[in-house]
Amino acid sequence: METMPGNTSNSVNAIVDHLFRHESGKMVAVLTRIFGVHNLEMAEDVVQEAFLRATQSWVFNAVPDNPAAWLMQVAKNRAIDIIRRQQHCTRYSKELAHQLEQETANTVQQFFSEAEIADSQLRMIFACCHPALKEEDQVALTLKTVAGFGIAEIARALVTNEAVIQKRLYRARQLLKEENIVLEIPAGNELSRRLESVYTILYLLFNEGYNSGKADELIRRDLCAEAMRLCLLLSTHKAGNRPATFALLSLMCFHASRFESRVSETNDIILLPGQDRSKWNKELIHRGYYFLEKSSEGEELTIYHLESAIAAEHCLAPEFALTNWQRLLQLYDMLLAIKPTPQVLLNRAIVVAQLHSITAAIDEIKQIENIDHLLRTHYIFPAVLGDLYLRLGDHRQAQPLLHTAWRLTTSQAEKKLIAEKLERLATNNLN
Amino acid sequence: MKDFMFIFRGANEQYSMGPEEMQQHMQKWLAWVAALQNKKIYAGGHPLLPYGKTVQGKKPIVTDGPFAESKELVGGYFIIKATSMEEATEIAKDCPDLPLGGAVEVREVMPVE
């Protein structure tokens with residue numbers, strides 16, 4: 001709807017950042033709990049309508065004192081309205097109809113309490129991360145329904161086009177219907193299993209924002225912020241306040257603390273050794289330690305515990321040269337025991353290069369299973385190995401690896417980083 | 001100073017916007033209105049709800065609409081003070097709905113004694 005003006009002086013800045021996005025997640029969750037997962041699209045339509053109405057009303061009448069409550073109220077009224085209309089389709093006696101209406105209104109009202117809203121959001125996260133869904137669909141659905149991202153934003157964040165996202169969302173919604181998935185918080189072992197996939201998705205969202213140099217800076221920041229917000233929400237709910245949740249949360253805090261220092265003003269990547277540590281966000285580091293401590297209450301030791309401890313070690317070092325590489329190597333060995341992936345082996349090799357020798361690190365990388373394939377297909381492997389050869393002065397080995405890395409990445413910032421190394425090689429060879 | 005009526009239509013793209021875009025769009029409207037008020041050229045107006053009826057014919061018939069095309073949908077109007085049609089249309093060019101497929105019809109209000 002177009003919107004009309006009115007008594008709006010001073011209201012321009014009265015609305016908090018991302019209010020619609022955050023309220024969207026809440027409203028969709030509550031309405032889906034009321035209408036059922038098979039009516040997810042109806043819930044989303046009601047939310048869209050609430051925003052359109054807000055746009056008209058607020059511009060014309062001034063922004064209300066509590067915009068979030070205003071939106072919730074519109075959503076609630078609309079929900080009651082829809083149910084009432086459906087009930088009218090079936091004719092009962094006037095007396096029963098009146099009673100039913102009263103009860104509906106009362107029940108719907110209860111779903112809109114603070115605690116129930118949080119509960120519904122959590123149920124929604126669990127539904128989005130249902131194992132029946134493919135991972136890429138889980139990601140798209142979580143971003144859309146829980147994080148309140150628009151189609152265009154999801155496409156930008158995942159560096160794909162809107163049609164692809166539409167297709168994933170369609171497929172995800174169909175599956176939710178076909179599998180009769182209900183909004184619930186699983187119990188017992190099922191809860192632990194489902195939490196695993198929730199962690200995976202939240203970590204993926206965060207990394208997509210933190211690591212991928214492909215998407216633009218603004219949307220990446222939003223991705224990280226959303227992943228952290230949802231993880232925090234999870235940690236405050238009785239179904240989610242577990243050591244692993246706190247470990248993941250602390251890991252996110254440590255990484256996020258370095259957000260400002262890892263790209264230059266000209267959008268170039270600044271690697272760990274070159275980062276200005278005074279730019280690291282102290283508040284986030286403090287929070288990281290706080291959550292890391294909370295994560296140690298219990299027997300559980302997850303990959304998130306270890307990855308967070310590794311990140312904490314970097315935050316502890318006042319400068320790169322003073323990093324406790326010995327301790328890092330221990331942590332990587334522990335991580336390898338539960339997550340024996342090529343990426344972890346590669347990271348461990350980088351520590352070996354600092355602690356022992358570059359040659360030892362190169363040897364370890366060469367022993368990674370399937371390394372020849374990885375060097376041809378995954379940017380990070382030829383990039384790291386090429387850099388190690390470069391530091392060793394072996395330009396003949398470094399050149400083709402760095403060239404492959406340059407070809408493999410789609411990120412402009414990463415391309416630039418590699419190109420600079422290749423240039424250095426070329427000038428050195430001339431001398 | 002003359003009165004001009006701005007009639008807002010269309011802006012269909014906002015139906016497919018995500019929450020963040022909607023909020024940013026709204027904030028543009030709030031800023032535009034605040035600017036008009038600061039210049040003291042805003043003289044009132046109203047938003048219109050989307051549904052409506054048309055009454056037509058010698059034997060009046062009531063129909064839904066007109067909704068022949070959704071881009072014809074009028075979202076509301078307001079009254080703006082300007083010295084000329086040219087000045088009024090310049091003001092209308094700042095309407096935040098224009099990039100979203102919206103249109104502003106600018107009409108001079110005839111003064112009546």
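Here are some notes on this predicted model, going from the chain contact to the individual chains and one residue in the loop between α6 and α7 of chain A.

1. The contact between the chains. Let's start where A and B meet: 27 residues of chain A are in contact with 29 residues of chain B. On the chain A side, α1 (19-35), α2 and α7 (151-157) each put in at least two residues. The biggest giver there is α2(A), with six residues. Sorted by class, that side of chain A has 14 nonpolar, 10 polar and three charged residues.

2. The helix pair across the contact. Have a look at helix α2 of chain A (residues 40-61) against helix α1 of chain B (residues 19-38): their axes come within 10 Å and cross at roughly 15 degrees. An angle under 35 degrees counts as roughly parallel, so that is what we should call α2(A) and α1(B). As for handedness, α2(A) passes α1(B) in a right-handed crossing.

3. Who touches whom in that pair. From α2(A) come A:Phe51, A:Thr55, A:Trp58 and A:Val59, and they meet B:Pro19, B:Met22, B:His25, B:Met26, B:Trp29, B:Leu30 and B:Val33 of α1(B). By class this contact has nine nonpolar and two polar residues, with no charged ones. On the side of chain A that touches chain B, by contrast, three charged residues do turn up.

4. A helix pair inside chain A. Helix α6 (residues 135-146) and helix α9 (residues 188-210) of chain A pack with their axes 10 Å apart, at an angle of about 75 degrees. Angles of 65 to 115 degrees count as roughly perpendicular, and α6(A) is therefore roughly perpendicular to α9(A). The residues involved are A:Gln138, A:Val139 and A:Thr142 on α6(A), and A:Ile201, A:Leu204 and A:Leu205 on α9(A). That splits into four nonpolar and two polar residues, and again no charged ones.

5. A:Phe149. This one is worth a click in the viewer. A:Phe149 sits in the loop between α6 and α7 of chain A. Is A:Phe149 buried or exposed? With 28 other C-beta atoms within 10 Å, A:Phe149 is buried, the cut-off being 20 or more. Setting aside neighbours within four places in sequence, its contacts are A:Leu143, A:Lys144, A:Ile154, A:Ala157 and, from the other chain, B:Gly18. There is also a long hop in sequence to note: A:His22 is 127 residues away along the chain, yet the C-alpha atoms of A:Phe149 and A:His22 are separated by 9.2 Å.

6. Domains of chain A. Chain A is divided into domain 1 (1-112), domain 2 (117-227), domain 3 (242-323) and domain 4 (336-431). Taken over C-alpha atoms, the centres of domain 2 and domain 4 of chain A are 32 Å apart.

7. Chain B on its own. Chain B has two helices and six strands, and along the sequence they run β-α-β-β-β-β-α-β. Its C-alpha trace spans about 50 × 45 × 20 Å along the principal axes. Of the 113 residues in chain B, 30% are buried. Among the chain B contacts with a separation of 6 or more, 76% are between residues 24 or more positions apart.

Methods:
Residues are numbered from 1 along each chain as its sequence is written. Chains are lettered from A and ligands numbered from 1 in the order in which they are written. This is a predicted model: local features need pLDDT of at least 70, side-chain atom pairs count only at pLDDT 80 or more; totals for chains, interfaces and linings use all residues. Axes are lines fitted to C-alpha atoms, for helices over the stretch in contact, and angles run from 0 to 180 degrees between N-to-C directions. Helices (H or I, at least four residues) and strands (E, at least two) are DSSP runs, numbered from the N terminus. Angles under 35 degrees count as roughly parallel, over 145 as roughly antiparallel, 65 to 115 as roughly perpendicular and the rest as oblique. A crossing is left-handed if the near helix is turned anticlockwise from the far one by less than a right angle, and right-handed if clockwise. Two residues are in contact if their C-beta atoms, placed from the backbone, lie within 7 Å. Ala, Val, Leu, Ile, Met, Phe, Trp, Tyr, Cys and Pro count as nonpolar, Asp, Glu, Lys and Arg as charged, and the others, Gly among them, as polar. Domain bounds come from an automatic or database domain assignment. A residue is buried if 20 or more other C-beta atoms lie within 10 Å of its own, exposed if 12 or fewer, and partly exposed in between; C-beta atoms are placed from the backbone.
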